[in-house]
Amino acid sequence: MKDKIVLVGFMGSGKTTVGKLLSKVLKIPFVDLDEEIVKRTNMSIPCIFEKFGEERFREIERKTLVEFLLKPKNLVISTGGGAPTYKNNMELINKNSVSVYLKTDFEKLWERISKDSNRPLVRLGKEKVRDLLKRRLSHYEKAKIIIRTDELTPEEVVKKILPEVS
Ligand SMILES: Nc1ncnc2c1ncn2[C@@H]1O[C@H](COP(=O)(O)OP(=O)(O)O)[C@@H](O)[C@H]1O
Ligand SMILES: O=C(O)C1=C[C@@H](OP(=O)(O)O)[C@@H](O)[C@H](O)C1
Ligand SMILES: [Mg+2]
């Protein structure tokens, strides 16, 4: 396994959950960009959005993403759902890793995220979040590997990814 693996996809698609499992199976370190940002700022994601706004969050997210993409070591990186859509982040991801898009049906995503207060964008409401996904699809679909995750457990998603990255 020569490259970093970067998981992309909408909120609730399983990037954090699957990323952790995948890193364990591959025995390489795991980085969750959101968790990294919370650690560095000592603030929750909703708090960053509230205090500094989404643009500032995207800049912090981009800086953290680039730092880990350029590290000279194998990593599994789980991005936040908006990372691939900001500036040329998706191009950088594809240049420096094997990108994997966890593609999931919106209704299933909404079921998973709608009650989770840790995602500020959920407050936009179901129809606006559905539109957000539609607007982002073209970015996610630039990933080198696309895995349909509907009806799969996180473990089954990992099993689908492994042959594609080995
Ligand atoms: N394949 C899956 N099947 C069922 N539930 C899942 C699956 N992947 C993730 N989940 C659940 O969905 C929620 C969001 O998962 P998470 O890994 O945080 O997604 P993301 O990081 O893409 O936002 C969590 O409660 C997680 O347990
Ligand atoms: O889709 C987005 O813009 C976001 C997704 C979140 O990460 P997850 O995709 O892990 O929920 C987090 O980065 C923030 O709430 C913004
Ligand atoms: Mg996540």
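Reader: What makes the approach of the Arg58 side chain to an oxygen atom of ligand 2 a polar contact?

Author: The model is predicted, and in it a polar side-chain atom of Arg58 lies 2.6 Å from an oxygen atom of ligand 2. The cut-off for a pair of N or O atoms is within 3.5 Å, and the 2.6 Å pair therefore counts as a polar contact.

Reader: Why is the backbone of Gly82 also called a polar contact of ligand 2?

Author: A backbone N or O atom of Gly82 lies 3.3 Å from an oxygen atom of ligand 2. This value is within 3.5 Å, and the pair therefore meets the definition. The side chain of Arg136 also has an N or O atom 2.7 Å from an oxygen atom of ligand 2, which is likewise within 3.5 Å. Taken alone, ligand 2 exposes 390 Å², and the protein buries 96% of that.

Reader: Which residues around ligand 2 come nearest, and what makes a residue count as near?

Author: A residue counts if one of its heavy atoms lies within 4 Å. There are 14 residues around ligand 2, of which Lys15, Asp34, Arg58, Arg119 and Arg136 come nearest. By class, this shell has five nonpolar, three polar and six charged residues. Helix H4 (residues 54-69) gives the largest share of the shell, three residues.

Reader: What makes one say that ligand 2 sits in the largest pocket?

Author: The criterion is that more than half of the atoms of a molecule lie within 2 Å of the grid points of the pocket. Ligand 2 is assigned to the largest pocket, which means that more than half of the atoms of ligand 2 satisfy that limit. The space taken by ligand 1 is also the largest pocket.

Reader: How much space lies in the largest pocket, and which residues are closest to its centre?

Author: About 660 Å³ of space lies in the largest pocket. Of the 33 residues that line the pocket, Gly12, Lys15, Thr16, Asp34 and Arg119 are the closest to its centre. Among the elements that give two or more residues to the lining are helix H1 (15-26), helix H2 (33-41) and helix H8 (154-165). H1 gives the most, with four residues. The lining divides by class into eleven nonpolar, twelve polar and ten charged residues.

Reader: What makes Gly12, Thr17 and Arg119 polar contacts of ligand 1?

Author: A polar backbone atom of Gly12 is 2.8 Å from an oxygen atom of ligand 1. For Thr17, a polar side-chain atom lies 2.6 Å from an oxygen atom of ligand 1, and for Arg119 a polar side-chain atom lies 2.8 Å from an oxygen atom of ligand 1. Each value is within 3.5 Å, and each pair therefore qualifies. The protein covers 70% of the 560 Å² of accessible area that ligand 1 has on its own.

Reader: How many residues of each class make up the shell around ligand 1?

Author: The shell holds four nonpolar, six polar and three charged residues. H1 provides the largest share, three residues.

Technical notes: Residues are numbered from 1 along each chain as its sequence is written. Chains are lettered from A and ligands numbered from 1 in the order in which they are written. This is a predicted model: local features need pLDDT of at least 70, side-chain atom pairs count only at pLDDT 80 or more; totals for chains, interfaces and linings use all residues. Side-chain values use heavy atoms; hydrogens and water are left out. A polar contact is a pair of N or O atoms within 3.5 Å; within protein, one must be able to donate a hydrogen and the other to accept it, and residues adjacent in sequence count only if both atoms are side-chain atoms. Accessible areas come from the Shrake-Rupley method with a 1.4 Å probe; for residues, only the protein chains shown count as cover. On a 1 Å grid over the protein atoms alone, a cavity is a set of points where a 1.4 Å probe fits but cannot get out, and a pocket is an open set with protein on both sides within 12 Å along at least five of seven lines; lining residues have an atom within 4 Å of a point. Ala, Val, Leu, Ile, Met, Phe, Trp, Tyr, Cys and Pro count as nonpolar, Asp, Glu, Lys and Arg as charged, and the others, Gly among them, as polar. Grid points are joined across faces, edges and corners, and a volume is the space filled by probe spheres set on the points.
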